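Here is a short report on how strands and helices are arranged in one model. Have the structure open while you read.

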Amino acid sequence: MQIPTFILERSQTLYENDVAINLTESGVHPAAISDILSGAELAELAALPLGYGYTDGTPSLRQSVADWYPGAASENVLVAHGSSEANLLTLMALAERGDHVIVVVPNFMQIAGLADSLGIEVTQIALRPSDGWQPDIAALEAAIGPRTKLITLCDPNNPTGTTLTQSSRRALAELSDRTGVWLHVDEIYRGSEIDALDAPTIYGMGKRVIVTGGLAKSFGCPGLRMGWMIGPQALVAEGHRFQDYTSIGTGVVSQFIAGRALREPIRSMLLSRGRHILAAGRQRVAEWLDGRQGWSWVVPQASGMAFLRYDMDVSSESFVEELRRSKGVFVCAGSWFGIEGHIRVGFGVDPHHLESGLVGIDEYLREGRSFN
């Protein structure tokens, strides 16, 4: 089987634990198990039998996930090994060799690579900063053909951190209903809206709308590897059929902790904690950009990432590689998300870590490496 290298994930795996400063993370600085579980629950976890349990997620976990999506029931929930598996199962359940999917970029790019490896044709439709990174509905409709099965995008967006407007969500759902093409929205950053307390979702706005999500980003629990798909019951059942060939299901320890993390008041506590961290980090990046010539951004509304545009004649891949080698500061290249001339800087990290990283970038720019 031929599959393109997933450059973002491969690069992070190779370097994120060896560099001095890792600013490639896009979510909230991780919470601890003791932030989620009470003393009694920690004791309960310690006594938990390490059997298979419910491989499709305990009924209470699936209900806790559903409770975060207005109109959803536990039967609409597929629990997955991270949102990445949920994305994979969504694609496998909806498209096959010879079909066509539309990927709105910039994007996490997982589905684009998977589709390519599965013999599914991919059309990329670009968002533009001049449009506030909102989708061009006419361009999407024009790209739909007789073999198109799916339109996929991220909201909040990775790597820009912008969110869809309600009118964009309605227009996307209406396009899906009108054309019969499934709409998949990766909402892994839902709940990280920095200036708002609500966490909007497109779920329920159309008959063929599917969302995926998880606990890795806004909840600050990436170590649980807990994700999900929310969709029509028939699609969830089809996803389970494919999941029997992928991970089979998730583990009992992750399910135990995830179930508590999603229940109130812990859910609100974790999301509030995240927003506090993200607001401070975004402010620090804004200060770093203030008055800086040749740099700009569309201010992120959610997530822990700043997608910074630079005006220099150097590829983002070279920029990132030189910065990592010379200063030990690791950021993401715009090309990894389908757009050049940008870097993605994570600001949801420990503030001292962020400060050291920005100092390293300053030193690198002063030395003019790669720009001669």
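## A parallel pair of strands

In strand 4, A126 is the bridge partner of V105. Strand 3 (residues 100-105) and strand 4 run parallel and are joined by 6 bridges. The model is a predicted one.

## The sheet

Strands 3 and 4 belong to an open sheet of 7 strands. The strand order is 2-8-7-6-5-3-4, and the pairing is mixed. Which strands stand at the edges? They are strand 2 (77-81) and strand 4 (121-126). Each has a single partner strand, so one side of each is left without a neighbour in the sheet. On average, neighbouring strands are turned by 20 degrees against each other, direction ignored.

## Helices on the sheet

Helix 8 (residues 166-179) packs on the sheet. Helix 8 touches strand 5 (148-154), strand 6 (182-186) and strand 7 (209-214). The direction of helix 8 makes about 150 degrees with that of strand 6.

Helix 9 (residues 233-243) also packs on the sheet. Its contacts are with strand 2, strand 6, strand 7 and strand 8 (226-230). With the direction of strand 2, helix 9 makes about 25 degrees.

## A helix pair

Helix 12 (residues 316-327) packs with helix 13 (residues 351-367) at an angle of about 105 degrees. Their axes are 10 Å apart. The angle makes helix 12 roughly perpendicular to helix 13.

Helix 12 contributes S318, F319, E322, L323, S326 and K327 to the contact. Helix 13 contributes G360, I361, E363, Y364, L365 and E367. By class, this contact has 5 nonpolar, 3 polar and 4 charged residues.

Key:
Residues are numbered from 1 along each chain as its sequence is written. This is a predicted model: local features need pLDDT of at least 70, side-chain atom pairs count only at pLDDT 80 or more; totals for chains, interfaces and linings use all residues. Side-chain values use heavy atoms; hydrogens and water are left out. Axes are lines fitted to C-alpha atoms, for helices over the stretch in contact, and angles run from 0 to 180 degrees between N-to-C directions. Helices (H or I, at least four residues) and strands (E, at least two) are DSSP runs, numbered from the N terminus. Angles under 35 degrees count as roughly parallel, over 145 as roughly antiparallel, 65 to 115 as roughly perpendicular and the rest as oblique. Contact means heavy atoms within 4.5 Å. Ala, Val, Leu, Ile, Met, Phe, Trp, Tyr, Cys and Pro count as nonpolar, Asp, Glu, Lys and Arg as charged, and the others, Gly among them, as polar. Two strands pair if DSSP finds at least two bridges between them.
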